[in-house]
Structures are given as structure tokens and as C-alpha cells.
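Trainee: Could you help me learn to read surface patches and strand pairing?
Mentor: Gladly; let's look together.

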Amino acid sequence: MSSPVRSVGGQRSIEESPAHNVESKRLGRSSFLFSGWRRSSQSSPRGDTRSDINKKLSSLVTSHNDEYTADPNGQMVSEEPTISKDAEHVDTEPQETEEEYDSNKSFFFQRKFVSMLQPGVNKFSLRMFGSHKGVAAEQARVKSFGVWIIHPYSDFRFYWDIVMLLLMMSNLIILPWGIAYFENQNTLPWISFNFISDTLFLVDLVLNFRTGILEDDSQIILDPKQIRRRYLRSWFMVDFVSSIPVDYIFFIVDIESRLESTDVYRTARALRIVRFTKILSLLRLLRLSRLIRYVHQWEEICHMTYDLASAVVRIFNLIGMMLLLCHWDGCLQFMVPMLQDFPPDCWVTKNNMVNSTWHLQYSYSLFMAMSHMLCIGYGAQAPESLTDVWLTVLSMIVGATCYAMFLGHATTLIQSLDASRRQYQEKYKQVEQYMSFHKLPADMRQRIHEYYEQRFQGKMFDEDSILGELSDPLKEEIVSFNCRGLVANMPLFANTDPHFVTVILTKLHFEVFQPGDFIIREGTLGRKMYFIQHGCVSVLSRGKQEIRLSDGSYFGEICLLTHGRRTASVRAETYCRLYSLSVDNFNEVLEEHPLMRRAFESVAVDRLVRVESKHQL
């Protein structure tokens with residue numbers, strides 16, 4: 001057997017275990033020696049001093065660097081040592097015992113399970129706590145309250161909630177169906193389903209005492225005392241009643257009394273007990289409250305703040321709830337006559353479905369329930385018995401309530417589909433009332449209408465408010481994207497510093513002018529310069545030739561540079577979509593980029609020269 005080799009200072013050395021040291025001492029420290037060291041040390045006595053050993057060691061290392069290695073204790077071991085027969089059974093590596101292996105394995109699983117109880121690094125936790133550091137701080141806060149505190153953003157709670165959601169949905173569908181259409185509920189599949197469901201719901205009841213609570217202000221309560229106090233005061237009683245198998249407890253307690261009674265009394269009592277246990281089984285339907293709470297909790301965790309997403313989720317929730325109520329109502333339509341032993345005037349007896357299969361019974365029951373809830377009829381026939389009448393009234397009330405809620409949510413969803421168009425329509429209604437109140441002429445009203453169509457194009461946004469809430473890099477990126485056509489068509493921005501282009505784009509203000517509008521009038525003070533995105537304008541000056549400017553051109557910069565009055569008028573020939581830059585923003589941008597001031601000045605001089613030359617011609 002070979003000893004483990006490790007590198008020390010560029011040389012190879014033997015890393016000895018405690019067992020190896022003990023065995024070496026027992027063998028007289030002579031079992032693992034270099035063959036060369038043996039030859040060189042035959043004439044040396046065993047009582048050589050430590051200094052002699054070190055000297056010999058140094059000489060060996062120097063002459064045989066690739067074959068030998070030094071040991072601080074004076075033991076020289078080769079890379080392939082000669083092992084004596086007495087030492088063959090010695091294992092130089094410490095062997096891990098079975099107890100240590102089981103301990104390490106259990107510690108690993110315990111650490112893994114504890115990590116599942118803490119908030120994981122995912123998009124929900126990062127959105128909640130801001131960063132990885134915030135998530136780590138929350139994990140430390142969970143540890144400070146104890147090992148068995150379950151964070152609502154933990155992986156364990158995520159998977160557990162999925163399991164409980166599926167279990168609750170299956171319970172809310174299967175329980176009424178089984179209670180209504182299957183008389184014998186003591187079969188193995190039914191008992192197994194109820195046992196598994198009741199057990200998991202009881203476990204969930206216990207876990208709720210150790211799960212953090214997410215408050216409205218995005219604070220998470222992790223103190224066990226506060227969690228217990230909150231849960232006991234809120235939904236504990238409802239969850240407890242829906243989790244306890246009261247029907248089976250009552251059924252088991254009554255078994256002994258039934259066995260001691262006569263046959264006739266035992267049969268009658270058994271029928272009453274069966275009916276009563278069916279009624280008690282309906283207490284499990286209180287689990288609907290858990291389903292509603294879990295869905296609401298997931299909406300908060302996922303931060304469904306968008307109007308459209310929230311409205312869609314509510315629509316689907318409402319449709320699912322309506323279908324569930326239809327299912328319950330259909331089961332109730334059959335269960336009530338069943339508990340009355342199917343009287344002659346009930347709808348089941350009249351349609352000869354007392355002994356029919358559950359498929360046929362459920363189909364007719366669901367048809368009647370939906371007919372009542374949608375208020376489109378009474379099903380196969382009108383109710384005659386008092387029980388059927390009251391069931392019909394109850395179904396109509398539930399259906400009308402669901403119908404009203406559905407219309408309200410559907411209206412909200414439709415309105416949220418295009419909020420900007422709705423805002424534009426509301427704004428234009430005010431404009432129409434304004435024009436009507438001031439009795440504006442028809443041609444002016446038409447121009448106002450065309451202006452709004454060109455300016456807003458059927459949608460209205462508060463762009464300044466939206467951009468003002470964003471960060472500067474994101475705002476610059478959005479503005480650059482919106483003005484990409486202007487930048488592409490304008491030669492001024494082609495070979496310019498990108499930072500200058502970005503800064504000047506953030507200062508621009510969008511404006512629309514109609515054909516015939518004077519954008520600039522000659523002789524007025526200049527407060528803005530304009531960049532043409534789309535459209536055509538005419539530059540008019542007294543006694544001078546008219547000049548046309550189109551997409552990618554700009555004008556009005558001369559008076560901003562000279563601080564004088566306008567030297568010409570500019571008139572819109574078509575619908576013009578322009579971007580204006582105020583004099584204050586103009587000077588602010590050019591202070592940061594003085595070279596661009598020279599460029600603007602040179603272009604302004606060239607324009608004035610061309611205008612003068614054309615005038616002379």
C-alpha cells in the first residue's frame with residue numbers, strides 16, 4: 001500500500017496519518033526508508049543526532065531532487081516505498097466509520113431542508129428585497145427566529161402551496177360529487193382519498209403556525225408568537241373544522257350502539273346516520289376559503305399590479321368560481337331529494353332516474369342547475385314540490401349574483417384593454433363641449449378636430465409624467481428610440497458626438513402644425529429653434545426668395561445665437577411634426593459642447609450668405 005503524496009515547496013512529500021505514525025514507532029521507525037538512504041546510512045549508528053540527519057537529507061535532496069523528498073521528522077519515504085510484511089495490513093488513510101458517514105449524510109439533508117425554508121434567490125424575492133444582499137439579510141432574519149420558521153417566499157412553501165392548491169381543487173370537485181351520487185362512502189378508494197386529504201390539511205394547519213405572514217405594507221412577520229396570534233384570530237377555526245373528519249368520528253362512535261339494537265331499529269338508524277354523515281361531510285367544503293386565500297396570496301407574491309393582467313386573472317377566477325358553483329348546485333339538486341328518500345313529486349322520481357347511473361343523474365342535475373343560474377328556464381320541467389321551488393330560488397339568486405359580478409369584471413377588462421384611447425375619447429369630449437359652449441364656427445371646429453387627430457392619433461399619454469418617473473439612462477434610451485427617424489434624417493447628427501445627440505434629444509419638445517400655420521414670424525423674439533421630423537415648411541423673408549425645408553432640416557437657430565429678432569418667417573406647407581428646443585436648453589447644451597456652437601454658427605452664416613446671394617440674383 002502507498003501513502004498519500006503531497007507537494008511541499010516544489011518537492012513531493014508523504015502526508016502521514018496518525019495510524020501511520022503509531023505503526024512507524026512500533027516498527028522502530030525503520031520500515032519506510034529510501035533505498036539510497038539505507039545504503040548511505042549503513043555505517044551510521046541509529047543514535048545519529050538531528051543535525052546529522054538534516055545534513056544528509058539536504059545532500060540527498062540536492063543530488064536526487066526527482067527521486068527523494070524531505071520530511072521534517074527525519075523520516076525518508078520514497079514515492080514507491082518498500083513495505084515490510086508486518087506493515088502490509090496498515091492503512092495510512094483514516095477510514096470514515098459508518099456512524100460518521102450517517103452523521104454527515106443526515107447533516108447534509110438537514111442543511112438542505114433548512115435552506116428550503118428560507119427565501120430563495122428568484123425574481124419574486126429579488127423584487128421584494130431588492131438585491132442578493134437583501135435576500136441574504138432576510139435569510140439571516142429567518143435563522144434568527146429559529147430553524148422551523150417557513151418563509152412565504154421559500155422553495156418549500158412554493159411547492160407545498162402547489163400541492164395544496166391541487167388537493168383543494170380536487171376536494172371541492174370530488175367531495176360534493178361523491179356525497180350526492182354514491183351512497184356507500186365506506187369503500188377503500190373513498191376512505192383512502194379522505195384520509196390522505198384530511199392528513200395533508202391537518203399538516204397544512206400545523207404549518208400555518210410556522211409560516212411567515214405577508215402584510216399589506218410588504219412587511220413579513222416571522223415572529224412565531226405574532227404568527228400564532230394572527231392565525232388564531234383569523235382563519236384557524238374555519239381551517240380546523242374543514243380539516244377534522246367529523247363524519248367518520250361520528251360514524252365510528254355510533255357503530256357500537258347500532259350493533260346492540262334490533263334489526264329494524266338498526267336499519268332505520270343506519271339510514272339516518274348515513275344521511276347525517278353526508279351532511280357533516282359538507283363541512284369539508286369550507287376548504288374553499290383556503291383556495292381563495294391561496295389564490296389571493298399568489299397574486300400578491302407575483303405582484304399582479306398591471307390592470308390588464310389583474311383583470312384577466314380575476315375574469316378567470318370568476319369563471320372558475322361560477323363553474324364550481326354550477327357543479328355544487330347540480331349536486332345539491334340531486335342530494336336534497338336523495339336525503340328525502342326521493343318523494344313522488346321531486347324531479348328525480350318524475351324523470352325515473354332514482355336507479356339510473358350517476359352519469360345520467362349528474363347530467364340532468366347540472367342541466368337544471370345551469371338553467372336556473374342563467375335564468376333561461378327551469379330545466380326539463382317546472383318545479384312542483386316545495387323543496388324544488390326553494391332550490392330553484394336559491395339557484396337563481398346565486399346565478400344572478402355571479403352574472404352581475406361577471407359583467408362588472410368584464411367591463412373593467414374591456415376598459416383596461418386600451419386605456420390611452422379611452423383617455424383620448426374622454427379628453428375630446430371635453431373639447432367638444434368647450435367648442436359648443438363658446439359657439440366656435442364650423443371651420444374652426446374642423447381644424448381643432450384635425451389637429452387632435454394629427455397630434456394624438458387617437459391615443460393620449462402623459463409622456464412627461466411617464467418619462468419623469470424613469471431613470472436617466474432608461475429615459476435617454478427611450479427618447480433616442482422615439483427620435484431615431486429624426487437622427488437618421490438629420491445630417492447635423494450624423495458625425496456628432498453621441499453624448500451631444502442624447503443630451504439634445506432629451507431637451508426636445510414635440511409639436512404639430514397644420515398647413516398654413518406660421519411657425520415663426522419675422523421680427524419677433526426668438527425663443528425656440530425647430531427640427532423637422534416630417535413635413536415641409538417655407539422660409540419667407542421680405543424681398544427675398546422663398547426657401548423650402550423638409551425632413552431632417554432645422555431652423556430658428558440664428559436668433560438663439562445672436563439673441564436678436566427673427567430674420568424671416570416660417571410657414572407650414574403640410575402637416576408638420578416638429579421638435580422644438582427652447583433657448584435656455586439650447587444654451588445649456590452648447591455650454592457643455594462648445595464645438596457644436598461653432599458648428600451652428602458656421603451653418604447660420606452659410607445660410608445668411610446663400611439668402612443674400614439669391615436676393616442679389
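Trainee: Which residues make the nonpolar surface patch of about 490 Å²?
Mentor: A word on the basis: this is a predicted model, where local features need pLDDT of at least 70, side-chain atom pairs count only at pLDDT 80 or more, and totals for chains, interfaces and linings use all residues. Residues are numbered from 1 along each chain as its sequence is written, and side-chain values use heavy atoms, with hydrogens and water left out. Patch residues have over 30% relative accessible area (Shrake-Rupley, 1.4 Å probe, only the protein chains shown as cover) and no salt bridge (side-chain nitrogen of Lys or Arg within 4 Å of a carboxyl oxygen of Asp or Glu); nonpolar side chains (Val, Leu, Ile, Met, Phe, Trp, Tyr) are joined within 5 Å, like charges within 9 Å. Here the patch consists of Phe158, Tyr159, Ile162, Leu166 and Met169. Phe158 belongs to helix α7 (residues 155-181); helices are DSSP runs of H or I with at least four residues, strands E runs with at least two, numbered from the N terminus.

Trainee: Why does Phe158 count as partly exposed?
Mentor: Buried means under 20% relative accessible area, exposed over 50%, and partly exposed in between. Phe158 is partly exposed because its relative accessibility is 36%.

Trainee: How many residues of strand β7 are buried?
Mentor: Five of the seven in β7 (residues 528-534), so the strand is mostly covered.

Trainee: In which sense do β7 and strand β12 pair?
Mentor: Pairing requires at least two DSSP bridges between strands. β7 and β12 (residues 576-582) are antiparallel over six bridges, with Ile532 opposite Leu578.

Definitions and conventions: Buried < 20%, exposed > 50% of the residue type's maximum accessible area, 1.4 Å probe, protein only.
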